[in-house]
Amino acid sequence: MGGVYSSKRIADFFAYESSELDWCEDNYKHSEHVVEYFNTISNFFFFIISPIMLYLMHPYAKERSLSIHTVWIMMIFVGLFSAYFHMTLSFVGQMLDELSILWVLAAGYAVWFPRKLFPSFIKDRSTFSKLVLLITIVTTMLSFLKPTVNAYVLNCFGIHLFYMVAVEMRSCTDQKVLRLAKLSMSLWALAVSCWISDRFGCSFWQRLNFCYLHGIWHILIVMAVAYLSTLIAYLDASYEIPYSLPGLQYWPCDKWAVGFPHIVLKRMPKTQKRC
Ligand SMILES: CCCCCCCC/C=C\CCCCCCCC(=O)N[C@@H](CO)[C@H](O)/C=C/CCCCCCCCCCCCC
Ligand SMILES: [Ca+2]
Ligand SMILES: [Zn+2]
């Protein structure tokens with residue numbers, strides 16, 4: 001590790017195009033200060049969707065635990081670092097982008113990983129969260145060893161989440177929940193196809209003069225996370241706070257085919273106890 005990094009100055013790690021990664025979109029096409037213009041501005045969706053999700057999740061987080069808000073607060077930083085990365089294609093940008101994704105995944109696992117799936121030596125969520133923290137710190141350090149593999153490792157978490165949802169849905173009969181699961185899985189599959197196609201099929205897309213698949217991935221993945229996090233939060237609420245009678249609804253209108261999914265608590269026990 002020392003051999004790779006020691007001969008470089010700090011400024012080199014911040015330099016434009018110092019990352020080994022370069023996405024399919026043409027560099028400096030629209031601005032001399034922004035390397036990949038569409039890939040940069042497509043992160044705008046993180047700044048729109050994150051506050052909406054924070055707002056929609058609030059009644060559930062208030063009842064369950066306010067630490068749940070960490071996930072969508074950290075997603076704002078993912079958008080920020082991702083925009084910085086595509087603006088500069090710098091090594092620091094790449095690491096900030098990838099490590100912020102790692103830490104948001106860690107936050108998600110710490111707050112939502114089902115208790116019934118905890119390893120047998122773990123008794124409560126607080127111990128599980130400490131274990132997640134330890135693994136995340138070690139993984140953060142390992143990520144500097146071979147930065148080019150980081151993105152593939154991160155995508156493996158997507159596969160794990162997909163698998164967990166598929167297993168959970170096998171015993172589910174609620175049509176609203178099944179629909180949400182199908183939507184999140186389809187969005188994720190579409191997003192990953194765009195990511196892979198941009199990475200490995202660039203010459204084909206260049207011939208078609210359409211090099212925007214990575215930007216489209218940004219938009220689809222943030223939507224997939226919005227759908228998935230609500231689904232997981234709903235399953236969590238059904239196990240952990242069943243007395244609050246959680247239900248699923250779409251915002252702004254439940255009858256529309258598309259919208260932001262969120263949890264409604266039909267009974268607010270904490271408030272009732274005080275009366
Ligand atoms: C029980 C656990 C619940 C955990 C829920 C938490 C979900 C939040 C997870 C991840 C956030 C993803 C953010 C994507 C950021 C995009 C930035 C980006 O484009 N970076 C690229 C470089 O520009 C980089 O190459 C991308 C690397 C791959 C990242 C893969 C992330 C996995 C996302 C999992 C999404 C859920 C899929 C739903 C399945 C049903
Ligand atoms: Ca490029
Ligand atoms: Zn990106």
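1. In this predicted model, E36 is buried, because 26 other C-beta atoms lie within 10 Å and a residue counts as buried at 20 or more. E36 sits in the loop between helix 2 and helix 3. Leaving aside neighbours within four places in sequence, its contacts are W23, E25, N27, H86 and L89.

2. W23 belongs to the loop between helix 2 (10-14) and helix 3 (37-41). With 23 C-beta neighbours inside 10 Å, W23 also counts as buried. Apart from residues up to four places away in sequence, W23 touches E36, N39, D198 and H214. The contact with E36 thus appears in the description of W23, just as W23 appears among the contacts of E36.

3. Both residues carry an annotation. The unreviewed UniProt entry assigns "binding site" to D22, W23, E25, N27 and E36. Among these annotated positions, W23, E25 and N27 are in contact with E36.

4. Ligand 1 has 30 residues around it, of which G108, A151, L154, G158 and W188 come nearest. Two or more residues of this shell come from each of helix 5 (69-88), helix 6 (91-112), helix 8 (150-169), helix 9 (175-200) and helix 11 (213-240). Helix 8 contributes the most, with eight residues. By character, the shell around ligand 1 consists of 22 nonpolar residues, seven polar residues and one charged residue.

5. The largest nonpolar core comprises 54 residues, and M57, A191, L220, A224, Y227 and L231 have the most contacts inside it. Helix 4 (44-64), helix 5, helix 6, helix 8, helix 9 and helix 11 each give two or more residues to this core. Helix 11 gives the most, with 18 residues. As for L231, its contacts beyond four places in sequence are V165, L180, A181 and S184.

6. The unreviewed UniProt entry also places the feature "transmembrane region" at residues 37-56, 68-87, 99-115, 127-145 and 216-235. Two of these spans may be described further. Residues 37-56 are 90% helix and 0% strand, with end C-alpha atoms 31 Å apart. Residues 68-87 are 95% helix and 0% strand, and their end C-alpha atoms lie 30 Å apart.

7. One point deserves a reader's attention. Which elements give two or more residues to the shell around ligand 1? They are helix 5, helix 6, helix 8, helix 9 and helix 11. These five helices are also listed for the largest nonpolar core, together with helix 4.

Technical notes. Residues are numbered from 1 along each chain as its sequence is written. Chains are lettered from A and ligands numbered from 1 in the order in which they are written. This is a predicted model: local features need pLDDT of at least 70, side-chain atom pairs count only at pLDDT 80 or more; totals for chains, interfaces and linings use all residues. A residue is near a molecule or strand if its C-beta atom, placed from the backbone, lies within 6 Å of it. Helices (H or I, at least four residues) and strands (E, at least two) are DSSP runs, numbered from the N terminus. Ala, Val, Leu, Ile, Met, Phe, Trp, Tyr, Cys and Pro count as nonpolar, Asp, Glu, Lys and Arg as charged, and the others, Gly among them, as polar. UniProt positions are given in the numbering used here, feature names are shortened, and annotations may be inferred rather than shown by experiment. A residue is buried if 20 or more other C-beta atoms lie within 10 Å of its own, exposed if 12 or fewer, and partly exposed in between; C-beta atoms are placed from the backbone. Two residues are in contact if their C-beta atoms, placed from the backbone, lie within 7 Å. A nonpolar core is a set of buried Ala, Val, Leu, Ile, Met, Phe, Trp, Tyr and Cys residues joined through C-beta atoms within 7 Å.
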